Amino acid sequence: EKQGFKHFMLKEIYEQPGVVRACLEAYLHPDWHPDKDTSPINLAIPASLYDDLEHVQILACGTSWHAALVGKYLLEQLAGIPTMVQYASEFRYAPTPLTVNTLTIGVTQSGETADTLAALAMEKKRREGKPSQFQVRLLGISNRPESSLGHLVPQIIETHAGMEIGVAATKTFVSQLMAFYCLALDLAYRRQTISATRLEEILVGLRQLPAQIELILESQERYIEQLTHDFAETKDFIFLGRGINFPIALEGALKLKEISYIHAEGYPAGEMKHGPIALLDAKVPVVAIAMPGNVYEKVLSNAQEAKARDSRLIGVTPMNDPEAAETFDDLLPVPAVEELLSPILTVIPLQLLAYHIAARRGLDVDQPRNLAKSVTVE
Ligand code: M6R
């Protein structure tokens with residue numbers, strides 16, 4: 001069943017190009033053209049969820065919460081909709097005061113996470129009997145539309161990742177990101193917050209992602225496996241990113257914590273100087289995600305600050321970038337796509353890094369201690 005891979009997690013990492021292809025096939029109209037008077041996105045979302053939309057709030061846990069943070073960036077920057085992202089477990093006991101014309105999105109790959117389901121049920125209940133602008137509008141994003149989530153929400157975007165066995169979410173995360181790209185583009189098209197040229201540019205970029213993930217897997221895996229030899233004794237890792245790649249820094253840290261039991265923290269790179277930089281020394285490697293865009297130079301300079309504290313600097317950077325080569329001690333290069341599309345690529349080397357560190361330590365990668373695939377208790 002592992003098809004020659006040592007662990008399900010590695011198999012699932014390798015399935016990601018296919019997962020992105022499946023999402024593109026499901027979500028994009030194949031013969032769409034800018035002259036056509038319809039959205040290029042085929043999510044079959046009823047107008048009642050989109051009409052007069054003023055706010056989006058997203059409820060999720062763990063890796064799904066990280067996907068939601070990328071979603072927030074996309075919904076705000078592409079579709080211009082103010083978006084709140086809440087941990088479902090926190091929202092249950094301190095919900096945001098009711099906002100009008102609000103779409104509530106529950107993100108859960110399993111569709112069975114107790115906190116996410118309870119937070120969505122609570123949101124439904126507290127909006128009952130309220131004036132029409134407060135009426136609940138629920139949408140789910142899930143890999144399992146037949147799950148408990150399916151009974152709770154009237155509409156689900158299915159993520160087409162196929163069954164995921166490894167406890168550490170990999171391919172389901174990437175598929176959730178695809179759902180958010182398409183949701184944000186659909187909304188941007190309908191709200192006319194995006195030009196036809198920009199829309200086409202992003203669609204072209206999305207279609208290139210599967211081959212680009214393949215390239216990363218082909219070119220990086222051996223190198224990353226080798227690199228992990230140097231981290232046999234490492235006890236702490238810091239992951240840095242900014243903008244749309246900040247959630248990827250969080251995700252890189254979570255993957256490492258979950259399966260290797262190494263302490264890891266993700267930070268927005270600009271926050272380092274407000275405290276965490278005190279942790280840095282030669283024993284604490286720093287992984288920084290630096291992709292071309294409006295925070296590129298900023299991240300490089302944040303990385304330099306870490307280097308000045310003797311940290312080993314690992315950069316997830318664009319391929320063939322001389323500036324990156326000069327800044328970092330080790331490079332995990334990915335194709336040089338624009339920042340907006342980069343999370344789907346930058347997360348791949350971080351998954352491989354976590355995997356190989358854990359596998360090298362001889363740990364049970366697919367069934368890490370203390371964790372279950374779906375958390376069905378509060
Ligand atoms: O099934 P869900 O997406 O609701 O699960 C949420 C979290 O429990 C899950 O993402 C967890 O953090 C993973 N083990 C991450 O790899």
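Start by selecting strands E3 (102-107) and E4 (137-142), which pair in the parallel sense over five bridges. Strands and helices here are DSSP runs numbered from the N terminus, with at least two residues for a strand (E) and at least four for a helix (H or I); two strands pair if DSSP finds at least two bridges between them. Within this pairing, Leu103 stands opposite Arg137 in E4, and Gly106 has Gly140 as its bridge partner.

Before moving on, note that this is a predicted model, in which local features need pLDDT of at least 70 and side-chain atom pairs pLDDT 80 or more, while totals for chains, interfaces and linings use all residues. Residues are numbered from 1 along each chain as its sequence is written, and side-chain values use heavy atoms, with hydrogens and water left out.

**The sheet around E3**

Now add strand E1 (55-60). E1 runs parallel to E3, and six bridges join them; one to look for is Gln57 with its partner Thr104.

Stay on E3 and colour its side chains. In a regular strand the side chains alternate between the two faces of the sheet. Here Thr102, Thr104 and Gly106 point one way, and Leu103, Ile105 and Val107 the other. Are the six residues of E3 buried or exposed? Six of six are buried, where buried means under 20% relative accessible area, exposed over 50% and partly exposed in between (1.4 Å probe, protein chains only).

Widen the selection to the whole open sheet, whose five strands run in the order E2-E1-E3-E4-E5 with parallel pairing. Strand E2 (83-87) and strand E5 (156-158) stand at the edges with a single partner strand each, so one side of each has no neighbour in the sheet. On average, neighbouring strands are turned by 20° against each other, direction ignored.

**The helix on the sheet**

Next, select helix H6 (residues 114-127). H6 packs on the sheet, touching E1, E3 and E4, and its direction makes about 145° with that of E1. Contact means heavy atoms within 4.5 Å; axes are lines fitted to C-alpha atoms, for helices over the stretch in contact, with angles from 0 to 180 degrees between N-to-C directions.

The buried residues of H6 include Leu117, Leu120 and Arg127. Among the elements covering them are helix H5 (88-91) and helix H7 (148-152). Just after H6, find Gly129, which takes a positive phi of about 75°.

**A second sheet**

Another open sheet has five strands in the order E7-E6-E8-E9-E10, again with parallel pairing. Its edge strands are E7 (263-268) and E10 (330-331). Select E8 (residues 286-289) and E9 (residues 313-316), joined by four bridges, including the one between Val286 and Leu313. Helix H11 (residues 296-307) lies across both strands, at about 170° to E8.

**Rings to finish**

Finally, show Phe231, Phe237 and Phe239, which ring pairs link into a cluster. Rings of Phe, Tyr and Trp (its six-membered ring) pair if their centres lie within 6.5 Å; planes under 30 degrees apart count as stacked, over 60 as edge-to-face and the rest as tilted. The structure holds four aromatic pairs. The rings of Phe231 and Phe237 have centres 5.1 Å apart and planes at 70°, so they are edge-to-face. Phe231 is buried at 2% relative accessibility, and Phe237 is buried at 0%.

The last stop is Arg369, over the face of Tyr261 at 3.8 Å from the ring centre. A charge sits over a ring if NZ of Lys or CZ of Arg is within 6 Å of the ring centre and within 35 degrees of the ring normal.

Definitions and conventions:
Expected span 1.5 Å × (residues − 1).
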